[in-house]
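Q: I am new to this structure and would like a close look at one part of it. Which residues of the largest nonpolar core touch the most other members? Please take your time over the answer.

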Amino acid sequence: MLTATHNHATTTLRFTPKHETGSFKNMGVSKLRPRFRAMSHGIGSSKVDLKLGPSSVGERLYLGMDFGTSGARFALIDKQGTIHAEGKREYPLYMSEETMDWALSWKTTLFLLLEDVPSHLRQTIAAISIDGTSATTLIIDSNTGEPLWRPFLYNESCPDALPAVKSIAPENHTVCSSSSTLCKLVSWWEREAGSNKKSAVLLHQADWLLWLLHGKMGVSDYNNALKVGYDPELDAYPSWLLSQPYSKLLPSVKAPGTSIGHLKEEIISQFGFAKDCSVCAGTTDSIAAFLAARATEPGKAVTSLGSTLAIKLMSTTRVDDARFGVYSHRLDDKWLVGGASNTGGAVLRQLFSDEQLVKLSEQINPMESSPLDYYPLKTAGERFPVADPKMAPRLHPRPESDVEFLHGILESIARIEAKAYNLLKDLGASKVDEVFTAGGGSKNEKWTKIRERVLGLPVNRATQTEAAYGAALLALKGSFRASDSL
């Protein structure tokens with residue numbers, strides 16, 4: 001193991017065998033002012049994993065970066081999908097006037113990740129793409145690129161703007177949620193009385209970070225733009241949105257993975273990237289994670305068993321229903337239909353330690369059906385597959401045996417998962433025929449067997465689940481698109 005320090009942060013280099021992952025199926029083979037108070041001892045923690053193996057000299061590589069809720073990652077792959085390097089950083093904590101300066105933290109992390117990419121591989125990188133958290137919104141000065149307001153985070157609610165949004169949008173539209181990007185835009189517009197409106201442009205987290213690399217202001221992708229009202233089926237903003245005075249802030253929209261332009265000269269000279277390295281339009285973190293699993297055909301689905309249970313299904317039909325929080329992202333000529341339940345791993349963590357979960361799971365017979373009928377929730381309220389904001393958690397009766405109790409919880413979550421996929425089918429989506437699993441719950445083999453029995457479907461653990469890997473696949477795709485158009 002090699003350990004090096006730079007920029008007051010520690011970088012750990014670990015050498016492991018190269019991991020083969022197959023080819024990308026759909027290839028066909030898109031200045032902040034430093035007024036802050038640092039709240040951390042270092043610039044941010046970092047771990048870089050290098051997976052080295054035989055590679056041809058001059059082979060082109062593709063860089064993906066994922067900006068999640070608490071930190072960021074990068075993945076560097078070749079055209080076969082083989083990982084050449086990976087790394088991660090936690091966001092440094094910067095304070096500005098007693099509030100977290102997220103924009104500066106993200107910008108700092110972006111350049112630290114670029115520095116973490118092994119220097120001898122930078123010249124080989126042909127394309128870069130970035131994913132960010134959905135509905136994380138920045139209002140930017142188009143002349144300087146600086147935020148005019150603190151970022152609206154992905155989970156931030158703007159109920160003050162919801163009545164105005166509902167008055168213009170179709171019923172049950174994706175934007176009719178107080179956490180939608182459009183509600184955040186309207187909230188800012190209605191409280192901003194100054195001249196900032198004239199130069200303002202709306203960018204999503206991934207859009208702004210990509211702008212720092214390519215320098216072309218006002219470009220987004222149709223996955224990130226969905227929650228501001230963009231219609232990916234028409235490939236245009238709808239008339240009800242364009243008729244609003246704040247529509248002039250809306251960015252232009254490209255397909256994810258489309259080349260936007262080349263890296264700026266200062267980025268090339270600072271980090272030593274190739275002059276022909278293109279910067280491609282990004283996507284959201286959940287879409288990138290789905291792309292990483294390579295569930296590319298209609299009927300293929302990914303269930304993420306993390307703190308909550310989230311499902312995404314590749315469908316030939318678009319499905320949107322705000323009552324259940326169900327909406328569709330466009331993926332080329334198909335639709336990625338998704339929804340999220342409040343059940344999941346957070347409930348298990350309330351009741352059991354990691355060690356208990358392992359030991360108790362070993363004693364479960366997954367072929368036996370549990371008679372216990374639970375609805376495991378951390379707090380009251382459910383949206384998908386049941387729309388009931390007052391639904392109470394149901395974890396009774398509790399048997400004397402902890403094994404039976406855990407069995408009942410795992411099977412009940414599996415029943416909720418089955419109900420979720422059935423709801424998507426009832427709403428018009430393609431029928432699921434295979435499920436890939438991501439998240440911590442994918443490691444529990446007994447749970448996988450229970451889910452297979454309850455779903456009546458093959459359930460497999462996704463080989464790749466990191467959103468950074470999915471972003472790298474987008475960069476790869478964009479590079480091939482660009483070369484095909486020449």
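A: Let's start with a word we will need often: two residues are in contact when heavy atoms of theirs lie within 4.5 Å. The model is predicted, so local features need pLDDT of at least 70 and side-chain atom pairs count only at pLDDT 80 or more, while totals for chains, interfaces and linings use all residues. Residues are numbered from 1 along each chain as its sequence is written, and side-chain values use heavy atoms, with hydrogens and water left out.

Now to the core. A nonpolar core is a set of buried Ala, Val, Leu, Ile, Met, Phe, Trp, Tyr and Cys residues joined through side-chain atoms within 4.5 Å. Buried means under 20% relative accessible area, exposed means over 50%, and partly exposed is in between (1.4 Å probe, protein chains only). The largest core has 39 residues, and the members that touch the most others are Phe384, Leu406, Ile409, Leu424 and Val435. At least two of its residues come from each of β18 (300-305), β19 (309-315), α10 (345-351), α11 (354-362), α12 (402-426) and α13 (445-455). These labels follow DSSP runs numbered from the N terminus: helices are H or I runs of at least four residues, and strands are E runs of at least two. The largest share, twelve residues, is supplied by α12.

Phe384 is a good place to zoom in. Leaving aside its neighbours within four places in sequence, Phe384 is in contact with Ile311, Phe324, Val326, Gly339, Ala340, Ser341, Tyr375, Ala420, Leu423 and Leu424. Apart from this core lies another one, with 37 residues, including Phe67, Ile128, Ala206 and Leu213.

Next, follow α12 from end to end. Its 25 residues reach 36 Å from the first C-alpha to the last, close to the 36 Å expected; the expected span is 1.5 Å times one less than the number of residues. Most of α12 is covered, with 18 of its 25 residues buried. At the N-terminal end, Ser401 acts as a cap, with a side-chain oxygen 3.2 Å from the backbone nitrogen of Val403. This is a polar contact, meaning a pair of N or O atoms within 3.5 Å; within protein, one must be able to donate a hydrogen and the other to accept it, and residues adjacent in sequence count only if both atoms are side-chain atoms. After α12 comes Gly428, which has a positive phi near 115 degrees.

Let's turn to the strands. Two strands pair if DSSP finds at least two bridges between them. β18 and β19 are antiparallel partners over five bridges, and a hairpin of three residues connects β18 to β19. Across this pair, Thr303 faces Ile311 in β19. Six of the seven residues of β19 are buried, so β19 is largely enclosed by the rest of the structure.

β19 also runs antiparallel to β21, with seven bridges between them. Here Lys312 has Gly338 of β21 as its bridge partner, and Leu313 has Val337. Strand β21 (residues 334-341) is largely enclosed by the rest of the structure too, because seven of its eight residues are buried. Strand β20 (residues 327-331) is joined to β21 by five bridges, again antiparallel, and His329 stands opposite Leu336. Two residues lie between the strands in the hairpin of β20 and β21, where Asp332 takes a positive phi near 55 degrees.

Leaving β21, the chain passes through a loop to α10, and Thr343 sits in that loop. Is Thr343 buried or exposed? Thr343 counts as buried, because its relative accessibility is 0%. A polar atom of its side chain lies 2.7 Å from the backbone oxygen of Pro376. Beyond its neighbours within four places in sequence, Thr343 is in contact with Ser307, Thr308, Leu309, Pro376, Leu377, Glu382, Ile413 and Ile416. Thr343 and Ser307 are 36 residues apart along the chain, yet their C-alpha atoms are separated by 7.8 Å.

Finally, step back to the whole protein. There are 14 helices and 23 strands, and 58% of the 486 residues are buried.
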